[in-house]
Amino acid sequence: MKKSILFLHAFITFTGLVLGSQSSYAQEAEHKKHQYSILEKDENEKRNPIPFLPIFSEDGTVYGITDSIGNITLEEGITFFIRSFFYQDREFIVEPNAEKVILLERAEIALEEVEIRTFQNPVDHLKHLNKSFESAFDKEAFLSNFRGYYAVQQREKYVDFFEASGISLHSESQKWKPYNFVQAWGGGSAYQFLVPLELRRSHHWDWTIGDTIPARNTSPSTDRPDQYSIKPFYARELVHAFEYSWPLSSSNLKFYDFQYDLENGKEIILFKSKDEERVKANSGLFLIGEGKIVLGESRENIESITINFSKYNYVAFPKNRNGRERQMGGSLSIIFENSSEKVFVSEVELKAKLFGPINIGNPRPYQKGSEVTIVEKIQFNDFQFVQSKKDLASLEKGFGFVGLETMVAYDPEYWSSNALISPDYFNQIRRDLGSKIGLNDQFQANSGKRLIPIEKDLASYQNYVSSLLPQVKSISQELSGN
């Protein structure tokens, strides 16, 4: 089919055929493209390129990212937005006769003049905070309950949805070495396991078994140009990658620029990746971009950290491995909870767009206009440390075998009162996914099925899960105190 699409592409203008797989080509033909340079004007009027800067569309999604010298190709007649912690926001329309250079100025720091600070600069402040944060965040294995959802968009429509409630296991200390803490293609599941005990999910395009149902009448997935295979909760992988490189570790401070700012009356520390320092040190920095650290009222603890990343180096590949640089950009936000002199992640939120063929679970073949956007949120609570190495070994074995592919029955009564997603957002997903088959019918049809079914071991797997799930549910009830 891929060859057929490529062949037909040459005749679109003349034939007038309207196919879902060709609509992006027709759209591209309508808009001329222009190369823009995004530059920073410094105090000396010198113009410096701004590499790896996300450019946003009107709907708030990432349209594209500037390259290493600040250039990006944009479509004519479309309004674009630049939103940055460090530069003044810009809105502009790509026009044929407009100057193809966008000059950005540094945003002014909105600090109160009467404010008195213990530290002269944010680097000293972070060095002080990181002493307590790193020791509190470095901890032994622990269990927690989780709730979360995952949704996929293509062409401004939701095409997949997954929501789960269950139990999480953080199986190792934070003191791991890069590339060693993940399994091949596991993306971090060897470090954090999620086991759903309740779930609801829409169709999941599977072209080998076909055990789930599509929301629309479509040809087999092998004939679809926009097929994808992304497991839910991709955010876990990005969180672990960010942990290795974030500015909440004193050893990484040299890789960032910092400045103070205020947001809603709270003091924050802005940070921005210094690409030249990373290259000079041959650093394995995994997430590159800019973000903010929100401080507590006392300025003695860290409430959250957010990064708008425009480059991600796949955490499981060594530095020189081909395909390590993923073609994606987006926003990752992490909220912390302080408990028993320890710091835990209590919420993770991710919105990311996959721009090209070098991605995990990417649309294949990749076509401009059919990029995948993933939206996720996961909440954790009821933290409890694993008491012994024997218990941990037993949990790792069980959780590693079951994981996200657990066959859990969808319980309508449970989800009618415990859904995490907001009603307005869910209704939008329902409209997009239920044009042919109602979303609730999809949930029912996918009840008790694995995300990626493997026929040869399905029977033994089902028996194992049936025996394990009651034990896991008992652990979850103990965590919640029920």
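The exercises below work through a predicted model of a protein.

**Exercise 1. The protein as a whole**

Task: State how many helices and strands the protein has, and what share of its residues is buried.

Solution:
- Step 1. The secondary structure consists of 11 helices and 19 strands.
- Step 2. The protein has 482 residues, and 52% of them are buried.
- Step 3. The accessible surface is about 23,100 Å², and carbon and sulfur atoms hold 48% of that surface.
- Step 4. Among contacts in the protein with a separation of 6 or more, 68% are between residues 24 or more positions apart.

**Exercise 2. Two positive phi angles**

Task: Find where F52 and F233 lie, and decide for each whether the residue is buried or exposed.

Solution:
- Step 1. Most residues other than glycine have a negative phi.
- Step 2. F52 is not a glycine, yet its phi is positive, at about 55 degrees. F233, also not a glycine, has a positive phi of about 65 degrees.
- Step 3. F52 sits in the loop between strand 2 (47-49) and strand 3 (54-56). F233 belongs to the loop between strand 11 (192-201) and helix 5.
- Step 4. Buried means under 20% relative accessible area. F52 has 14%, so F52 is buried. F233 has 1%, so F233 is buried.

**Exercise 3. The helix after F233**

Task: Determine how many residues of helix 5 are buried.

Solution:
- Step 1. Helix 5 covers residues 235-245 and has 11 residues.
- Step 2. Of these, 10 are buried, which leaves the helix mostly covered.
- Step 3. The buried residues include the charged-type side chains R236, E237 and E243, and also L238, V239 and F242.

**Exercise 4. Salt bridges between strands and a helix**

Task: For three of the salt bridges, give the atom distance, the elements joined and the exposure of each partner.

Solution:
- Step 1. Side chains of opposite charge can pair when their charged atoms come close. The whole structure holds 5 salt bridges.
- Step 2. K157 pairs with D432, with 3.7 Å between the closest N and O atoms. K157 is in strand 10 and D432 in helix 9 (residues 423-433), so the pair links parts of the chain 275 residues apart. K157 is partly exposed at 43%, while D432 is buried at 8%.
- Step 3. E163 and R200 form a salt bridge with an N to O distance of 2.9 Å. The pair joins strand 10 to strand 11 across 37 residues. E163 is buried at 1%, and R200 is buried at 6%.
- Step 4. E263 and K292 have their closest N and O atoms 2.8 Å apart. E263 lies in strand 12 (residues 256-263) and K292 in strand 14 (residues 287-295), so parts 29 residues apart in sequence are tied together. E263 is partly exposed at 28%, and K292 is buried at 15%.

**Exercise 5. A residue in strand 5**

Task: Describe the surroundings of I72.

Solution:
- Step 1. I72 is part of strand 5 (residues 71-75).
- Step 2. The relative accessible area of I72 is 7%, so I72 is buried.
- Step 3. Beyond its neighbours within four places in sequence, I72 is in contact with residues including H34, Y36, I38, I55 and I65.
- Step 4. I38 is 34 residues from I72 in sequence, and their C-alpha atoms are 7.9 Å apart.

**Exercise 6. A charged patch**

Task: Name the residues of the negative surface patch and place E156.

Solution:
- Step 1. The patch is formed by E58, D59, E91 and E156.
- Step 2. E156 is in the loop between strand 9 (142-154) and strand 10 (157-170).
- Step 3. The relative accessibility of E156 is 64%, so E156 counts as exposed.

Terms used:
Residues numbered from 1 in each chain as written. Predicted model: local features only at pLDDT ≥ 70, side-chain atom pairs only at ≥ 80, totals over all residues. Heavy atoms only, no water. Patch = residues over 30% accessible without salt bridge, like charges linked within 9 Å, V, L, I, M, F, W, Y side chains within 5 Å. Areas by Shrake-Rupley, 256 points an atom, 1.4 Å probe, with all protein chains shown as cover. Salt bridge = Lys/Arg side-chain N within 4 Å of Asp/Glu carboxyl O. Charge placed at Lys NZ, Arg CZ, Asp CG, Glu CD. Helix = DSSP H or I, 4+ residues; strand = E, 2+ residues; numbered from the N terminus. Buried < 20%, exposed > 50% of the residue type's maximum accessible area, 1.4 Å probe, protein only. Contact = heavy atoms within 4.5 Å.
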